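Please describe this protein for a first-year student. Take a small sheet, a pocket, the overall build and some unusual backbone spots.

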Amino acid sequence: MKFSLSIVAFIVATTQILQAASVSENDSSIIVKGENYTVEFSSKNGSINKFIQNGTVSSLKSSSSGLWEAAIDDKKTLKAADCEFSYSIIENRKLIFKYKNKSIESSIEVQPEDKYIAFKSELKNLASTPIMGFSAPGTLCVDPEKIESFICQTRWPRTVGTAFNKEFFRDHADDTNVFRWTDKVYQGQISGTIADKLAEKNDGAKEAPLLISEKGANFLGKAALELNGKSVKAIRPTFRNKCELVIAESDGNIYYGGSSFGGKGFLFRPGAAAEREYAETIKKLTELTLEKISSQMLKDGRGEICIIRFPNAPGMGFWTTISVNDWENMMSNLSAVKAGKLKLRVISSIDELKNAASNQNCAAILNPYGEMMVSSGEGKLGESLALIENFVKKGGFWFETSGHPFYYEMLPARFLSTGPLERNKSPGSFADFYHFKLKSGDIAIFGVQPQNYPEWSGAVNKSNIIVPVEFSAGGSEEGGYLKRRFGIYLKKDESMKLPEIRVLSGCSILEASDEFCKANAIKKSLADKLDADKLEKIKNAILVKMEFPTASGELASLDKIPSPSIIHLVRYLKGGFDKEYPDHLPPNPKYGSPEEFKKVIAESQKRGHLVMPYTNPTWWCDTPKGPYFLEKGDAGLLRTLENKPRHEVYGKHNDGWTTTLWHPDVQYINRKVIDQFTKEYPVDIIFQDQCGARDWQYDLNPASPTPYAYAEGMVSMVREDSKRTLLSTEDAWSGVLDSEVQTCGLTFDLMPRRNEEAGGTRHIMEFYNPETWTIFPLSHALAHDKVSMTHHDLGQSVNDPRMLSWTLALGYSMIFQFNQKRADSAERVEWLKFLGVVQKTIASRYTGAKLKDFSHSWEGGEYGTVNSVYGDMKIQASLSAKEIDGLAPYGFRISSPDLIAGYLKNMTEFMYICPSGNDAYVFAIPGTVTGIPEKLTDGRALSITFEDGSKAELEHKNGFVYFKTPASGENYRKVFKIKIEKDSTWKTILRTLSH
């Protein structure tokens, strides 16, 4: 028996050896093998020459720089290719590369495993200048034609994640009509052209009413007078001596008008930026002007109007919230265009622009790119301006759409990218994680930095400090590329070991996301962080941002808020919003007394709500300084590489300084705030702004263990605080996921912006043309089961069907900004009630559920459609104002084993059904007809009863049962709870919306 067992043990051990990953070599290569991959390294310099998956060459390889790259403080790059090289193979299981030159000594350990290769680097600085970045593997190149998608999450623009396609990575050298924006400013630098002093800078302009001039009213007609009184800001008005046709003014400045340059036509432009609440006014003025001059165009025998739309140019211009799509749709709906009298043509190249501007048949050209103007090459913007001037002088009409005209030059782009390394940092970006789907298979690349050590222990052990990361991806002369590097600070004769980097083969994006979380010990689900009562409340709760100026106003509004909700308190702050930090308490006297503040908390909790005050532990404010800042001085402030404090500004009047979270003064006051909200003013959740959103910074404050320890300080603080209370934060990144129960953000730069949405950064459409990308929520793949997710706590609100559809598509909880005006509006209060039902019946089911599938298509216009699966819930959502696939504009179709919900084109209003089987909710205008879909063959509604006991008359038609809601005199949608009796089990109707 013993002999037999030994034989079995030997056979098993041998089998394991045969299956294990291995390292070998031949005449020219070192060969590393795993379960489904083979990597060939150069035996001359260690570069990755081939990455083979399942027998197919993937094209992934090292760039000409070699296996690694290092950055020093004068921006010089050190390359593996420039070093002495040697290698050794350890027991056919490990590969060691060694490099050395006069500046650096490095050792790269390559450890193959079945599914991945681990890279572990150690380096020593031999030069007097510090090494500030290191990457191994260094820049990786891929043939764009073999890329199906590349998924990452960028810091600028800030979104849930993006899947770039081969168009993003390819070389556009042969396509001179692919454009990108540039920060090259030409204002005032093109002397003697139409750009020279055309617009006046007026940053101090105050909001004032719009006034249509007498000449403007005569020119545009009565429709223009409807714009009188609209609030606008003339911050870039046209100089009067440059404007012969003044259409509209504001506060004594020209807001909209035309300049003829002594010719027969006009250049029309707004004297302001087309952003936020001012965009629709500018769009309407442009539309009315186009309508007016259409007749003149036809009289002149011109039958064509044009819009500039360049391939791969941004989908939205600079300093505007009106997309290129919006402008094109507006022009296509002009009366003369719809009647077929004028033809709308898209200009997609410089040559086409030149031809249009010289063609007598072309009457008008619109530039939708705001302050950007296309140029045939760097420094050639003047040629475009001369073309425009000549076009106008000969009777053409040119339309500018935002801000200062021709302020930026938009150039042909040979290569597109996510921007330089310093634009996308992690923390800042959601994770040090990147996923290629190639024709040969899937490859994921990510860092491994588990927080398996006590918080703040980096003060004595530098290996317990998260090493931050920067990355960039895009096209290059060597093909598509990914470059990621650690941000370090290594002085002469110092050495350090860097965290492990894994190259994972054969795992889909969702599988690779799980592997990332496992490797980084991110393991707490939302359910793991909460007791049963709190978990149920968070799943069922809307986040309600309270914007009432006083405690009494908040108290009076509580009964209008559906329970449970998360009551987000932002107006209590001692010095006012973004004032006097780090002091948060006692509450501002204008808001109320400490007793009144405590009453708001207690009364909210009494009604079943969770209370979440806003805090910000990351910076200290000036204008004015708070008492603690005045007492302690500057010792706790971050010190830049120039050894100066780092100044921050938010809005026009809120400024202050970044702090060093390692400093005792900073730690003391931040702990005091936690004490105050757990003992003196006991709340349920504490919102810590910016703890999930800040980029990492270098910090030379003596309290910081290393210059790159800023991120670790943030993580340590959040980890410590999470042991005392529940936490929520802005945006989020992977390092804080185990510490947070809620994250708020990641959609400012993704969703179309409207009046209520602040958004201090540039929209994704300003960066990338939709032909190059689709939405993929990497944040959700990593975190949707670990936190409750919603939009930005301060600047976003689910106010309409558009926002609701986006929110459902992304698996977000509902969020609503509540103020006195809304509290006084029965319609807005009813909408809030409706959101409460949506949260309880739909969002509660997907909150904390894993993302199982996600796809985004641009078909249908605007942002197209999303199909997503969270847990067992399937969601199809339209992100378009058009009817798509049976969905109403901004409609949706949702199904799970115990729920259907929908907003379909055959319906007049919203509908969804809750899980009890016969209970349902309809959101409809009283006294109007709405419909619920039903399968006539297997689930027919026999009766529908309203809460007041009345029964509806039913009409079965086209797979729907239609009925009228009870009339009540209100002319806005209301929530109606109904009971449905069916002739078969209630589950049959649940199949209606499922596919």
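## A small sheet

In this predicted model, strands β40 and β42 (residues 654-658) pair in the antiparallel sense, over 3 bridges. One facing pair can be named: Cys-621 stands opposite Gly-656 in β42. What holds such strands together? Strands of a sheet pair through backbone hydrogen bonds, and the pairing can be parallel or antiparallel.

The sheet is open and has 3 strands. Their order is β40-β42-β41, and the pairing is antiparallel. Which strands stand at the edges? They are β40 (619-621) and β41 (647-650). Each has a single partner strand, so one side of each is left without a neighbour in the sheet. On average, neighbouring strands of this sheet are turned by 35 degrees against each other, direction ignored.

## A residue just past β40

Follow the chain into the loop between β40 and α13 (627-632), and you reach Thr-623. Phi of Thr-623 is near 45 degrees. That is a positive value in a residue other than glycine. Is Thr-623 buried, exposed or partly exposed? Its relative accessibility is 47%, so Thr-623 counts as partly exposed. The cut-off for exposed is over 50%.

## A second positive phi

Asp-251 also calls for a look. Its phi is positive, about 50 degrees, although Asp-251 is not a glycine. Where does Asp-251 lie? It lies in the loop between β21 (245-250) and β22 (253-259). Asp-251 has 57% relative accessibility, so it counts as exposed.

## Two cis bonds before proline

Now turn to the peptide bonds. The bond from Ser-563 to Pro-564 is cis, with omega near 0 degrees. Pro-564 lies in the loop between α11 (551-557) and β38 (565-569).

A cis peptide bond also joins Leu-585 and Pro-586, and here omega is about 0 degrees. Pro-586 belongs to the loop between β38 and α12 (594-606).

## The second largest pocket

How can empty space be found in a protein? Rolling a probe the size of a water molecule over the atoms shows where empty space is left. The second largest pocket holds about 740 Å³ of space. It is lined by 34 residues. Which of them are closest to its centre? They are Lys-75, Leu-421, Glu-422, Glu-470 and Arg-485.

Several strands help to build the lining of this pocket. β7 (69-72), β13 (131-135), β33 (469-476) and β34 (479-490) each supply at least two residues. The largest share comes from β34, with 4 residues. What kinds of residue form the lining of this second largest pocket? The lining divides into 11 nonpolar, 11 polar and 12 charged residues.

## The whole protein

Step back to the full chain. How many helices and strands does the protein have? It has 21 helices and 60 strands. The radius of gyration is 31 Å, close to the 30 Å that the globule rule gives for 995 residues. The protein is therefore as compact as a globular protein of that length.

Along its principal axes, the C-alpha trace spans about 95 × 75 × 70 Å. Buried residues make up 61% of the 995 residues in the protein. Here, buried means under 20% relative accessible area.

Conventions:
Residues are numbered from 1 along each chain as its sequence is written. This is a predicted model: local features need pLDDT of at least 70, side-chain atom pairs count only at pLDDT 80 or more; totals for chains, interfaces and linings use all residues. Side-chain values use heavy atoms; hydrogens and water are left out. On a 1 Å grid over the protein atoms alone, a cavity is a set of points where a 1.4 Å probe fits but cannot get out, and a pocket is an open set with protein on both sides within 12 Å along at least five of seven lines; lining residues have an atom within 4 Å of a point. Grid points are joined across faces, edges and corners, and a volume is the space filled by probe spheres set on the points. Ala, Val, Leu, Ile, Met, Phe, Trp, Tyr, Cys and Pro count as nonpolar, Asp, Glu, Lys and Arg as charged, and the others, Gly among them, as polar. Two strands pair if DSSP finds at least two bridges between them. Axes are lines fitted to C-alpha atoms, for helices over the stretch in contact, and angles run from 0 to 180 degrees between N-to-C directions. The radius of gyration is taken over C-alpha atoms; the globule rule is 2.2 Å times the number of residues to the power 0.38. Buried means under 20% relative accessible area, exposed over 50%, partly exposed in between (1.4 Å probe, protein chains only).
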